[in-house]
Amino acid sequence: MTPARPWRWWSASGRRSGRTPVMRDIASVAEIRAAEEATMAAEPGGPDRGTSDLMLRAAEALAQLVWQELAGRPEPRVLLLVGPGNNGGDGLWAAQRLLQRGVRVSCWRTAPDVHAEGWAAATEAGLTEIDAAEAIAALPSIDLAIDAVFGIGARPGLPDPVATWAAAASDIGTPVVAVDLPSGLAADRVSADAPHVRAAITVTFGAAKLCHLAQPAASACGRLEVVDLDLGLPPAQVRAVEPHDVAVRWPVPGPLDDKYRRGVVGIDAGSSSYPGAGILATTGALYAGAGMVRFLGPEQAAQAISLRMPSVTIGPGRVQAMLLGSGWGDRADARERIEAALELDVPLVLDADALRSLPASGLENCLLTPHAGELAALLDIGRTDVTADPIAAVRRAVDRTGATVLLKGATQYVAGPGGDGDDRRVDLAVPGPAWTGQAGSGDTLAGMAATLLAGGLTPRWAALAAASMQAMTAARNPGPWPPDEIAARVPDTVAWLVDQAPATARLSNQTQ
Ligand SMILES: NC(=O)C1=CN([C@@H]2O[C@H](COP(=O)(O)OP(=O)(O)OC[C@H]3O[C@@H](n4cnc5c(N)ncnc54)[C@H](OP(=O)(O)O)[C@@H]3O)[C@@H](O)[C@H]2O)[C@@H](O)CC1
Ligand SMILES: [K+]
């Protein structure tokens, strides 16, 4: 099973491009608009042309993709929903091309005014106009629908008639190809609270947008197809990690490595109230490939660890990285323990209860691993403020603490204080199934991240690789596996993944 997300890159001609599947750029609406303006200004006729070359290239790629989806259907029938802007223009020019190939296309104008040139071209090619009621009645008999209502100009939500149609299409299970994004979502937002179209395929232009890759919006997008229009976009401020990015960075021991060179990780996790967290964090650290794990938590957990994981050393000693905080509960000496660990001058993972006792400074070499509730508490804002704009929240947490921050959840975000070329960049880990949303996943994840820090990865890549590896392992082992069982399957995912990345592609551990 391939854990990679269902991505494909298309050139504007509609052929699959040969791009290496690494670090997907995510563009904001502002970046797309600026690049589009510059490209259109250079076109003959300038930016004020009704139909730009960009629109025709987008429409051609869209038509090509729909045509391929229709392959083998006798007398294919398509329903097109058109909105008031250029998104509708894309749909109309694509319809013209499909009509020329013999596809029957009916169209519901959801707004009084639609793209004039696109409308003229499509109607001349044989487009049939229908109304809202007919657009719903047609759902059972069409092969697919094209949603060209709103694109990057969208505000969240749909006018009532379109919302009714979207709900009917979803109930009937009509495959919908969304143009740029499913209407009702907003490109730069992760939320999907308002009525929206649910697409089987989304064809987007220039680069992926946040709504395509961040949950819960991403679930409405189906398979994502990116049509590369050569917009000359600036370096991305938000990127999505691919499995290959993890494969080339995962620490693989060489012939000169021993347990110390591979990295010794200290686990100060668990408490008499929560001994399990210590066991889970240690399991995560061990199965991520630590050279040695030292357990520094409570006695009850130490005894269980000695029996279940006999290679783990109990008690203090030299370490190359440490995890503190998972399952600590309320403890009076939390700040003291963190400050003592900072004195060791090794990178730290600060998880769960440690996040409530952070020192005001000195966290540059630390990785914080909050979930949304913990991040909200850290920033003194509401949880919904974090979930509504996780990118802003994670950046604020970096500004506030000076540490690298991994925001855990259905989509996992990592931002850091710099040293990697761009302070503001936020990266999304490889996504996985929702099965990992269970007690204890955070503990094993924190242990894995500590092992990767001990192995020499930067805090940013330790976070991204650990979160991605847990997600990919869950994807390869679907079902309600407890977190320690998922952790125990990590070695299998690591072996499978690094096998796919030739040694020549490996990056030095400190490379971003
Ligand atoms: N950029 C590129 O590189 C390329 C871009 N291309 C295409 O252009 C598309 C962007 O086109 P666009 O700017 O005309 O905006 P688009 O999304 O069609 O509609 C905006 C209109 O919808 C309205 N409206 C929005 N939300 C609403 C709501 N909830 N409920 C009701 N109304 C709502 C909004 O109204 P307003 O907010 O102004 O009141 C405005 O009238 C882009 O997605 C891509 O498909 C390609 O052709 C080539 C390459
Ligand atoms: K759309």
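# A potassium site, a ligand pocket and a sheet

V179 is buried, with a relative accessible area of 0%, where buried means under 20%, exposed over 50% and partly exposed in between, for a 1.4 Å probe and protein chains only. The model is a predicted one, in which local features need pLDDT of at least 70 and side-chain atom pairs count only at pLDDT 80 or more, while totals for chains, interfaces and linings use all residues. Residues are numbered from 1 along each chain as its sequence is written, chains are lettered from A and ligands numbered from 1 in the order in which they are written, and side-chain values use heavy atoms, with hydrogens and water left out.

V179 leads to the potassium ion (ligand 2), whose protein donors are N87 (OD1), D147 (O), F150 (O), V179 (O), L181 (O) and S183 (OG), at 2.6 to 3.1 Å from the ion. Donors here are N, O and S atoms within 2.8 Å of the metal, or 3.2 Å for Na, K and Ca, and sites may look incomplete since water is not among the atoms. The angles among the 6 donor atoms run from 69 to 166 degrees, and the site of the potassium ion (ligand 2) is irregular. Along the sequence, the donor residues follow the spacing N-x59-D-x2-F-x28-V-x1-L-x1-S. Two of these donors link distant parts of the chain, for F150 lies in the loop between strand 6 (144-148) and helix 6 (160-172), whereas V179 lies in strand 7 (residues 176-179), 29 residues apart; helices (H or I, at least four residues) and strands (E, at least two) are DSSP runs numbered from the N terminus.

The next stop is ligand 1, which is surrounded by 22 residues, the closest being N86, D90, G151, I152 and D180, where a residue is near if one of its heavy atoms lies within 4 Å. An N or O atom in the side chain of D90 is 2.4 Å from an oxygen atom of ligand 1, and an oxygen atom of ligand 1 also lies 2.5 Å from a backbone N or O atom of G151. A polar backbone atom of R155 is 2.9 Å from a nitrogen atom of ligand 1. Taken alone, ligand 1 exposes 950 Å², of which the protein buries 78%, by the Shrake-Rupley method with a 1.4 Å probe.

From the ligands we turn to the sheet. Here 11 strands form an open sheet with mixed pairing, in the order 2-10-19-18-17-16-15-14-11-12-13. Its edge strands are strand 2 (24-26) and strand 13 (313-314), each of which pairs on one side only, and two strands pair if DSSP finds at least two bridges between them.

Within this order, strand 14 (residues 321-324) is covered on both faces, with A321 and L323 on one side and M322 and L324 on the other all buried. Strand 14 pairs with strand 11 (residues 264-268) in the parallel sense over 4 bridges, and there L323 is the bridge partner of I267. Strand 14 also runs parallel to strand 15 (residues 348-350), joined by 3 bridges, and L324 stands opposite L350 in strand 15. Strand 17 (residues 404-407) and strand 18 (residues 413-415), by contrast, run antiparallel and are joined by 3 bridges, with L407 partnered by Y413 in strand 18.

After strand 15 comes the loop to strand 16 (366-368), which holds D353. D353 counts as buried because its relative accessibility is 16%, and a polar atom of its side chain lies 3.0 Å from the backbone nitrogen of W328.

Technical notes:
Tetrahedral: all angles 85-135°; square planar, octahedral: opposite > 155°, others 65-115°. Polar contact = N/O pair within 3.5 Å; in protein donor to acceptor, adjacent residues only side chain to side chain.
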